[in-house]
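Student: I would like to learn how to read the interfaces between chains. Where do we start?

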Amino acid sequence: MRAALVVALVVGLAACGITTPPLERAAGDATSATGSAALALRGLDDGDLTSAVAETTIEDAVTTASKAAREVAAYPAKNTREKQLQEQAVAAIADAVKDLHRARDGVRQPAQRASLVDRLTADRDRLDELTTKAGSL
Amino acid sequence: MKKYLAVALGILTAIGGFVDIGDLVTNAVVGARFGLSLAWVVVVGVIGIVLYAYMAGKVVALSGRATFEIIRERLGARAALMNLGASFLMTLLTLTAEIGGIALTLQLLTGIVPLAWIVVATLAVWLVIWLVKFTWMENAAGLLGLTLIVFVVSFFVLGPDWGDTVDQITQQYPHPGEHPLTYWFYVVALFGAAMTPYEVFFFSSGAVEERWGRQDLMLARLNVGIGFPLGGLLSLGIAGSAFLVWSPEKVDVSSLSQVVLPVGEALGTIGLALVLIGVLAATMGAALETALSCGYTLAQYAGWPWGKWHRPAKAPQFHVTIIVCLLIACGVLATGVDPIMVTEFSVVFSAVALPLTYAPILVVANDPEYVGEETNGPVLNALALVYLVIIVVAAVAAIPLMVLTGLGS
Amino acid sequence: MTRLPPHPAKDGKVLDANVHLLDRLVVDRNDEPVSVVSDLELESEDGGRPRIANLVLGSAIVSRFLGGHPPKHHLDRMAWRKVAALDTVVHLRVDRSELDVIWFERWLRRHVIGRIPGGRRDPE
């Protein structure tokens, strides 16, 4: 039993060193969510997806992105570079979440879908860039 | 027709083991992140489960003894109780996830939130166990689950770059942006999923339900030889099509909707309808498999009457166990927990459950008291021993890897 | 190392209690499961060789786990003479409906499972 506790402690300490840094992970999650919603909306527009599947995908994306937004906002930045990046990420994710909410409505408004897909794709690329930057911190 | 349906037990077992809700998502996650570079794990896993499920099936056909009876006899009360605890919790967690999976699938079919479906799903699973004959159950779930083959079709329709695909399968490193430990976490997760103990519990008990005898040895071979490779093929199809659709979009898969979406991209709404039917059948099948396995393991450990061939009143503890498990699963899900997260925690128990399940099967498959002259040949024994080592290594590595990689994130 | 006395040559099968009896399934004369052998009670007449008096079924689990002896009247015992045959399971001569071991099963049948609609019907 004592041996197991020691192993768990060592493993736990090691875990703190290895897991992906939180800024990068949160930005990556937001990237992922936005990209997924863009594809779902495009698929719906092309007639490849049913509205239930597209809607659920976008709904999941909203949840993931909102969670990422909270995580990024709560991140304790250690230096000015991190602080700067954090502010950029907060702004980018906030924009993405806004567009994701529009996308949710877009499921029922065919006229707006194409422009929303473009916006979400742009959001995704912006977030992806930030993720890469966060990874090189 | 009956001859063709005779492999339904193997197909249902394999679908429950390879493409249940946890595996559906894990395969897609792995596909989106690593392409087909973990395909080898699926192949290794398929061979392992084929070997051991065959031995378990052989023991049933020749002695009528289901796997957990053997575990109790060979390990004694204490070690068997440890295995029972681990296996039972693992199966119960999987059952919980599957009922959540049914609800998520119904959401994808209807657009109605999953929480509303949980009670419906639980009730449906119980009614099938309570009222429907075993063969009907396995044929319906097994055959409908076959529609999941659209994942494989999608992979071809989406048009992979074959040169790149071959590179993925043959070259393992490097995966830019992925820690090697994450790669190994998924290696262990996929292997563990292929060898989940409830597969042999269900397969062997199902063989008892179907009254296998000596003449069914060939049937045992057919079942494992067709069922499990098919399950493996389906999981490769899921990984492959997830890679082709999600990887270019820089998307990490995390939900069931993202698992089925590639099929829509490839085959349109008809494909989507087929895949949703398949996923519903697979999660329902896995829910039945795990719910029954909860009853099978406990009843076989304690020496209670069990089995769906009895009327419920003849096996009361067996049915009460299943009802209680279903209620627990339903209660856990009602808290709003993510069903897919639930399956990931069941990995914790594999460290105890895997070695303590497969070692007794290997021992008894060599015991003339059980199998007469049909003891394992030297080749089968050598292979099975190699796998026993792999199983122990994977089982021991599972927990540290899980912690180190933060569940592969 | 002291050498064990050679096994007395006898007709019939040599059994290892640990391997062939303990934790084996016990079935009645219709091959329906009754319980599991969890312990053996031995007796010896006037210092003669010990022989099995009773099988202890099911409930002795706790004492095998934690040590100690449960009070004798708490044990579910089965007289050895009721054993008809041994193979991969222990076959009894009696019908399970005559046995007290399954009181919990009876109780559940009467008060729970039997009361749910369809509980006494064959699956279709």
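Student: How many residues are in contact between chain C and chain B?
Tutor: Start with a contact count. In this predicted model, 34 residues of chain C touch 35 residues of chain B.

Student: What area is buried between chain C and chain B?
Tutor: Look at the area, then at its makeup. About 2,900 Å² is buried there, with 59% from carbon and sulfur atoms.

Student: How many salt bridges are counted between chain C and chain B?
Tutor: Four tenths of a nanometre is the limit to keep in mind: the N to O cut-off is 4 Å. The count is 4 salt bridges. One of them joins the side chains of Arg24(C) and Glu73(B), at 3.8 Å. There are also 7 residue pairs in polar contact, both residues at pLDDT 80 or more.

Student: Which element gives the most to the side of chain C that touches chain B?
Tutor: Map the contacts onto helices and strands. β2(C) leads, with 6 residues. That side of chain C divides into 16 nonpolar, 6 polar and 12 charged residues.

Student: And chain B against chain A: what area is buried there?
Tutor: Take the same steps. About 2,300 Å² is buried, and carbon and sulfur atoms give 61%. In chain B, Glu249(B), Lys250(B) and Leu404(B) lose the most area to chain A, together 24% of what that side buries.

Student: Which residue of chain A meets Glu249(B) in a salt bridge?
Tutor: Arg124(A), at 2.7 Å, N to O. The interface has 2 salt bridges and 6 residue pairs in polar contact, both at pLDDT 80 or more. On the chain B side, α13(B) has the largest share, 10 residues. The residues of that side divide into 13 nonpolar, 13 polar and 4 charged.

Note on methods. Residues numbered from 1 in each chain as written. Chains lettered and ligands numbered in written order. Predicted model: local features only at pLDDT ≥ 70, side-chain atom pairs only at ≥ 80, totals over all residues. Heavy atoms only, no water. Buried area = accessible area lost by both parts, 1.4 Å probe. Polar contact = N/O pair within 3.5 Å; in protein donor to acceptor, adjacent residues only side chain to side chain. Helix = DSSP H or I, 4+ residues; strand = E, 2+ residues; numbered from the N terminus. Nonpolar A, V, L, I, M, F, W, Y, C, P; charged D, E, K, R; others polar. Contact = heavy atoms within 4.5 Å.
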